[in-house]
Amino acid sequence: MKKRVGILTSGGDCPGLNATLRGVAKALYQRMGEEVELIGISNGYSGLIGGEWRVMRPDEFSGILTVGGTILGTKRTPFKLMRVVGEDKVDKVAAMKKNYKEMKLDCLLCLGGNGTHKTANLLSEEGLNVIGLPKTIDNDIFGTDVTFGFHTAVDIATEVIDRVHTTAGSHSRCMVVELMGNKAGWLTLYAGIAGGADIILIPELPYTIDNVCAAVEKRAGEGKTFSILAVAEGVYDAEEARVKKKERAAKRAEAGEVTATNRIARQIEAMTGFETRVCVPGHMQRGGSPSPYDRVLATQFGAYAAKLVEHEHYGVTVAMKNNHVTENPLAEVAGKSRLVPDGHGMLEVARRMGVSMG
C-alpha cells in the first residue's frame, strides 16, 4: 500500500517554501518511488479544516526551486482560535482530524512559523502523525539556529539599506528603515550590520529617544551629514516597556502615531533639526526568489523531513543546530520563541563597530 503524505504551508509566505516542498518530494520519490503519494492541502490549516486537497503529480514539484511564495497557497489560521467554535459552527480540531482520516494520510508535514508549530503540536497531541518544517523571515523558531526564508530577507533588507545610503548622503538626511520583526530583532540586527546602519533598534532592547538623538548628533559632530537607522517594526521605548501591549497601543493611538518608526522620525527631526524620512520595504522582504543559501537550506530540511517520513519518526520538527540538520520534539518547540538574547555575539559586534543600539 502506498504511503500517503499530506503537506501544507501555513502562515505568512516567505522565500524557500517551494524549495522545501521540492526537497521533500524529490527525496521521497527518489527513495520510495511509486510507493508514496503526496497530498497537497491548499491554504494551510484552513484547507485542512475545509477539506481542500488533491493528489499531486511528481512534475508539479519540478521547476519550483527558485520560485517564491508557495504553490499550495497559504492563510493565517490563528492558533488561539483553533479550539474556538465560531459562527460557522465548525469544530476546527475535529474537522482537521476527520479530513486527515478521509485523506487516508499516514502523516502530515506542516511548513510554517511559530503559530503553525503550535497547531502542529496540537494535532500531534490529538494522535496524528505530524512533522514540522521551520520557516520564517524572523528566524525566531525555538530550537533551530536558522529558518529558511531568513537569509533571503536579510539580503533584501540589506539592499534597501544600501540604497538609502546614497539618498541620505545626497540630502543630508536621517533615514529610518522599518524592517519586519514584531517580537524578534534578528532580521534587523543582521541587515543593519550588513548594510552599515549607524543605529539599530530591535524589540528585545527598548530604546530611549535621547540616546538615539545623541547618536545622530555625535555623527554630525564628526562631520557626518547623515545617519541610517535600521528599526524593527515591533520596537518600543523604555517608557513603553513598563506597560502592557494593549496600553502601549492605546497611547500610540491617542497620540496619532501609527508606527514606532514614524514617531522616531518625528522626534529626531524635532530634537536635532535633521530632516528625517521613513522607508518601509514591507512585504518585499518576504517576496521573490530564495537566495542560494535558502535554496540549499530548504533542500536540506526537505530531504531530512523525507527521511523522517521514511523512518516513521513523527511528533518532531526539523532543525539546524551547529551546522547539523536534526530534529526537535514539537512539544519542546511549540509556544516558545527564539529572541535575540542580551549579550549575544552579534550585539557585541555591532557595539564594537560603534553602532548605537538605542
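**Stop one: the largest pocket**

Start with the residues lining the largest pocket of this predicted model and colour them by class: you should get 15 nonpolar, 16 polar and 16 charged. That lining is made up of 47 residues, and the pocket has a volume of about 1,400 Å³. To find the middle, select R76, D138, D140, N182 and K183, which lie nearest the pocket's centre. Next, highlight helices α4 (114–125) and α8 (245–255), the elements that give two or more residues to this lining. Which of the elements gives the largest share? Select α4, which supplies 5 residues.

**Stop two: the second largest pocket**

Now move to the second largest pocket, which holds about 310 Å³ of space. Its lining has 16 residues, and the ones closest to the centre are A197, D198, M353, G354 and V355. Keep the class colouring on: here the lining divides into 7 nonpolar, 4 polar and 5 charged residues. Show α6 (186–194), α7 (209–221) and α12 (345–352) as ribbons, since each of these helices puts at least two residues into the lining. The largest share comes from α7, with 3 residues.

**Stop three: R219, on α7**

While α7 is on screen, click on R219, which is found in that helix. Is R219 buried or exposed? R219 counts as buried because its relative accessibility is 14%, and the cut-off for buried is under 20%. Turn on side chains and look for S227: the side chains of R219 and S227 make a polar contact at 3.0 Å. Then bring up everything R219 touches beyond four places in sequence, namely D198, K224, F226 and S227. You have met D198 already, as one of the residues closest to the centre of the second largest pocket.

**Stop four: R338, in a loop**

Another arginine comes next. Select R338, in the loop between α11 (330–333) and α12. Which backbone oxygen does its side chain reach? Draw a distance to the backbone oxygen of N139 and you should read 3.1 Å. Leaving out residues up to four places away in sequence, R338 touches N139, D140, I141, F142, T144, D145, A184 and W186. D140 is a familiar name here, being among the residues nearest the centre of the largest pocket. For a sense of scale, draw a line from the C-alpha of R338 to the C-alpha of R252: the two residues are 86 apart along the chain, and the line spans 27 Å.

**Stop five: strand β4**

Finish on strand β4, residues 107–112. How many of its residues are buried? The strand is mostly covered, with 6 of 6 buried. Show the side chains and look along the strand: C107, L109 and L111 point one way, while L108, C110 and G112 point the other way. Both sets are buried.

Now add the partners. Strand β1 (residues 3–9) pairs with β4 in the parallel sense over 5 bridges. To line the two up, select G6, which stands opposite L108 in β4. Then select strand β5 (residues 130–134), which also runs parallel to β4, again over 5 bridges. Your marker for this pairing is C110, with G132 of β5 opposite. Leave β1, β4 and β5 displayed together and you can follow β4's pairing with β1 and with β5.

Technical notes: Residues are numbered from 1 along each chain as its sequence is written. This is a predicted model: local features need pLDDT of at least 70, side-chain atom pairs count only at pLDDT 80 or more; totals for chains, interfaces and linings use all residues. Side-chain values use heavy atoms; hydrogens and water are left out. On a 1 Å grid over the protein atoms alone, a cavity is a set of points where a 1.4 Å probe fits but cannot get out, and a pocket is an open set with protein on both sides within 12 Å along at least five of seven lines; lining residues have an atom within 4 Å of a point. Grid points are joined across faces, edges and corners, and a volume is the space filled by probe spheres set on the points. Helices (H or I, at least four residues) and strands (E, at least two) are DSSP runs, numbered from the N terminus. Ala, Val, Leu, Ile, Met, Phe, Trp, Tyr, Cys and Pro count as nonpolar, Asp, Glu, Lys and Arg as charged, and the others, Gly among them, as polar. Contact means heavy atoms within 4.5 Å. A polar contact is a pair of N or O atoms within 3.5 Å; within protein, one must be able to donate a hydrogen and the other to accept it, and residues adjacent in sequence count only if both atoms are side-chain atoms. Buried means under 20% relative accessible area, exposed over 50%, partly exposed in between (1.4 Å probe, protein chains only). Two strands pair if DSSP finds at least two bridges between them.
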